[in-house]
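Work through the exercises below with the coordinates open. Try each task before you read its solution.

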Amino acid sequence: MKPAKRIFCLAMSAVLAASMGMPAIAAGELEKKETVYTILNPDGSLSSQSVSVHLHREGGLSGVADESSLSDIACTSGEGGFTQNGQTLTWNVEADDARYSGSTEKQAPVSAEITYRLDGTEAPLEELLGKSGRLSVSVHFTNHETAVVTVNGQERQVCAPFFTMAAVVLD
């Protein structure tokens, strides 16, 4: 396989899915769940990032307002859709659920650092292309979502729990 094609395949296969399963409760008990999809370059730097949002409210979403800083927002489910005024989305959906997606330039809640080793020796991917041997790819995740909370009278920094998955397709 040509080096450029390998780099493209590796870049597309290094997909990080950071599932933000933290519901945001708003007026009328609106539940909001976000899933962040991040595509990385072979060196671990950000290539693109999109967010999928699921809204749920018993009794329907008609007239419910939701704040979103996403760009290129598209309704993916929910007959009636929404109207947008700045960062406010007002839903015209009679059903209890609606989904939308968009892109963001914000820092992902979880980032990744990718390292490559060939026969135990760490090297940049560019130096490994075309060589043979035992390849080891390591992905180190860093959680950026933290908060300071008080536990038993002491302030502690805690990280938001995320389910993170990485998928890599190798030739």
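**Exercise 1. Is Arg 117 buried, partly exposed or exposed, and what is its relative accessible area?**

Solution.
- Step 1. Keep in mind that this is a predicted model.
- Step 2. Take the area: Arg 117 has a relative accessible area of 33%.
- Step 3. Apply the cut-offs: buried means under 20%, exposed means over 50%, and partly exposed lies in between.
- Step 4. Arg 117 is therefore partly exposed, at 33%.

**Exercise 2. Place Arg 117 in the fold and list its contacts beyond four places in sequence.**

Solution.
- Step 1. Find the element: Arg 117 sits in strand 9, residues 110-118.
- Step 2. Set aside the neighbours within four places in sequence; Arg 117 then contacts Glu 122, Arg 134, Leu 135 and Ser 136.
- Step 3. Check a C-alpha pair: Arg 117 and Val 137 lie 6.5 Å apart in space, with their positions 20 residues apart in sequence.
- Step 4. Look at polar atoms: the side chains of Arg 117 and Glu 122 share a polar contact of 3.5 Å.

**Exercise 3. Which residue forms a salt bridge with Glu 122, and how far apart are the closest N and O atoms?**

Solution.
- Step 1. Recall the principle: side chains of opposite charge can pair when their charged atoms come close.
- Step 2. Identify the partner: Glu 122 bridges to Arg 117, with the closest N and O atoms 3.5 Å apart.
- Step 3. Test the distance: the salt-bridge cut-off is 4 Å, so the 3.5 Å pair of Glu 122 and Arg 117 qualifies.
- Step 4. Add the environment: Glu 122 is partly exposed, at 47% relative accessible area. Arg 117 is partly exposed too, at 33%.

**Exercise 4. How many salt bridges does the structure hold, and which residues form a network?**

Solution.
- Step 1. Count: there are three salt bridges.
- Step 2. Take Lys 32 with Glu 34: their closest N and O atoms are 3.8 Å apart.
- Step 3. Take Lys 32 with Asp 66: here the closest N and O atoms are 3.0 Å apart. This pair links distant parts of the chain, since Lys 32 is in strand 2 (residues 31-40) and Asp 66 is in strand 4 (residues 65-67), 34 residues apart.
- Step 4. Compare burial: Lys 32 is buried, at 12%. Asp 66 is buried, at 4%. Glu 34 is partly exposed, at 24%.
- Step 5. Add the pair of Glu 122 and Arg 117. Shared partners join Lys 32, Glu 34 and Asp 66 into one network.

**Exercise 5. What is the strand order of the open sheet of three strands, and which are its edge strands?**

Solution.
- Step 1. Recall how sheets form: strands pair through backbone hydrogen bonds, either parallel or antiparallel.
- Step 2. Pair strand 9 with strand 11: nine bridges join them, and they run antiparallel. Among the partners, Leu 118 bridges to Leu 135, and Tyr 116 bridges to Val 137.
- Step 3. Pair strand 9 with strand 10 (residues 121-122): two bridges, antiparallel. In strand 10, Thr 121 is the bridge partner of Leu 118.
- Step 4. Assemble: the order is 10-9-11, with antiparallel pairing. Strand 10 and strand 11 are the edge strands, as each pairs on one side only.
- Step 5. Inspect the turn: the hairpin of strand 9 and strand 10 has two residues between the strands, and Asp 119 takes a positive phi near 55°.

**Exercise 6. Is Thr 115 buried or exposed? Which residues make the nonpolar surface patch that includes Leu 135?**

Solution.
- Step 1. Locate Thr 115: it belongs to strand 9.
- Step 2. Read its area: Thr 115 is buried, at 19%.
- Step 3. List its contacts: beyond four places in sequence, Thr 115 touches Glu 122, Ser 136, Val 137 and Ser 138.
- Step 4. Turn to Leu 135: this residue lies in strand 11, residues 135-143. Leu 135 is partly exposed, at 42%.
- Step 5. Name the patch: Leu 135, Val 137, Val 139, Phe 141, Val 168 and Leu 170 make a nonpolar surface patch of about 450 Å².

Key
Residues numbered from 1 in each chain as written. Predicted model: local features only at pLDDT ≥ 70, side-chain atom pairs only at ≥ 80, totals over all residues. Heavy atoms only, no water. Salt bridge = Lys/Arg side-chain N within 4 Å of Asp/Glu carboxyl O. Buried < 20%, exposed > 50% of the residue type's maximum accessible area, 1.4 Å probe, protein only. Helix = DSSP H or I, 4+ residues; strand = E, 2+ residues; numbered from the N terminus. Contact = heavy atoms within 4.5 Å. Polar contact = N/O pair within 3.5 Å; in protein donor to acceptor, adjacent residues only side chain to side chain. Patch = residues over 30% accessible without salt bridge, like charges linked within 9 Å, V, L, I, M, F, W, Y side chains within 5 Å. Areas by Shrake-Rupley, 256 points an atom, 1.4 Å probe, with all protein chains shown as cover. Pairing = 2+ DSSP bridges.
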